[in-house]
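Please look at the sequence and the structure shown here before reading on. The text below is meant to be followed with both in view.

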Amino acid sequence: MKIAFASDHAGYTLKQHLIELLKGRGYQIEDFGTHSEASCDYPDYAHPAAIAVESGECDLGICMCGSGNGIQMTLNKHQGIRAALCWLPELASLARQHNNANILVLPARFISEEEADKIVDAYLSAEFEGGRHQRRIDKIPVKECC
């Protein structure tokens, strides 16, 4: 499985930690940046990560910024992305099981590395349940109307 990573400066340290963790478990990683703690703008890294997940170049994504809100808003502008902001393992599991979230978003300034590890484990081990949830997901993309 290939995972896209992206963060801004606030999420850089956590991103590096998670990349090393998942590389050690045999995951392929595509790191879209940022590559330092220097102040930067999360959309510059979120859009390329979203495109990689949308196109199938990467299977899933894990992205972060300080609160998680800004990068999640940016990611969800892409029609094929369902980015879920999760700060508990249970939320990450449900995001995959019920929403088929293809990008996990973490609030880097509000969780520890240990909490992030548990959230990522829950996200990656959960599977989409389909059924009634698929019907709802099919209604998410904006389509021409009226």
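The paragraphs that follow go through one helix, the salt bridges, a buried pair of residues and a surface patch. The model is a predicted one.

A convenient starting point is helix H1, which runs over residues 12–24. H1 has 13 residues, and the distance from its first C-alpha to its last is 18 Å, close to the 18 Å expected at 1.5 Å a residue. Which residues of H1 are buried? They are Tyr 12, Leu 14, Lys 15, Leu 18, Ile 19 and Leu 22. These residues lie on the same side of H1, because they cover an arc of only 155 degrees around the axis. What do the buried residues of H1 pack against? Their partners are the strands S1 (2–7), S2 (28–31), S3 (60–65) and S5 (103–107), together with helix H5 (113–125). Just after H1 comes Gly 26, which takes a positive phi of about 95 degrees.

The next topic is salt bridges, and the count comes to three. One of them joins the side chains of Asp 31 and Lys 15, at 2.8 Å from N to O. Asp 31 belongs to strand S2 and Lys 15 to helix H1, so this pair ties together parts that are 16 residues apart in sequence. Lys 15 is among the buried residues of H1, and its relative accessible area is 0%. Asp 31, with a relative accessible area of 25%, is partly exposed.

Strand S2 also holds Glu 30, whose partner Lys 2 is in strand S1. The side chains of Glu 30 and Lys 2 form a salt bridge with an N to O distance of 3.6 Å. The two parts tied together in this way are 28 residues apart in sequence. Glu 30 is partly exposed, at a relative accessible area of 26%.

Another salt bridge is made by the side chains of Arg 25 and Asp 121, with 2.4 Å from N to O. Arg 25 sits in the loop between H1 and S2, while Asp 121 is in helix H5, so the pair ties together parts that are 96 residues apart in sequence. Are these two residues buried or partly exposed? Arg 25 counts as partly exposed at 43% relative accessibility, and Asp 121 is partly exposed with a relative accessible area of 31%.

Now turn to the stretch that follows H5. Gly 130 has its place in the loop between H5 and helix H6 (132–138). Although in a loop, Gly 130 is buried, with a relative accessible area of 14%. Its C-alpha is 7.8 Å from the C-alpha of Gln 97, and the two residues are 33 residues apart in sequence. Gln 97 appears again with His 133, a residue found in helix H6. Leaving aside its neighbours within four places in sequence, His 133 is in contact with Gln 97, His 98 and Phe 128. His 133 counts as buried, at 4% relative accessibility.

The last stop is on the surface. Which residues make the nonpolar surface patch of about 270 Å²? The patch is made by Trp 87, Leu 88 and Leu 91. Leu 88 lies in the loop between strand S4 (83–85) and helix H4 (89–99). With a relative accessible area of 40%, Leu 88 is partly exposed.

Note on methods
Residues are numbered from 1 along each chain as its sequence is written. This is a predicted model: local features need pLDDT of at least 70, side-chain atom pairs count only at pLDDT 80 or more; totals for chains, interfaces and linings use all residues. Side-chain values use heavy atoms; hydrogens and water are left out. Helices (H or I, at least four residues) and strands (E, at least two) are DSSP runs, numbered from the N terminus. The expected span of a helix is 1.5 Å times one less than its number of residues. Buried means under 20% relative accessible area, exposed over 50%, partly exposed in between (1.4 Å probe, protein chains only). The arc is that of the directions from the helix axis to the C-beta atoms. Contact means heavy atoms within 4.5 Å. Patches are made of residues with over 30% relative accessible area and no salt bridge: like charges are joined within 9 Å, nonpolar side chains (Val, Leu, Ile, Met, Phe, Trp, Tyr) within 5 Å. Accessible areas come from the Shrake-Rupley method with a 1.4 Å probe; for residues, only the protein chains shown count as cover. A salt bridge is a side-chain nitrogen of Lys or Arg within 4 Å of a carboxyl oxygen of Asp or Glu.
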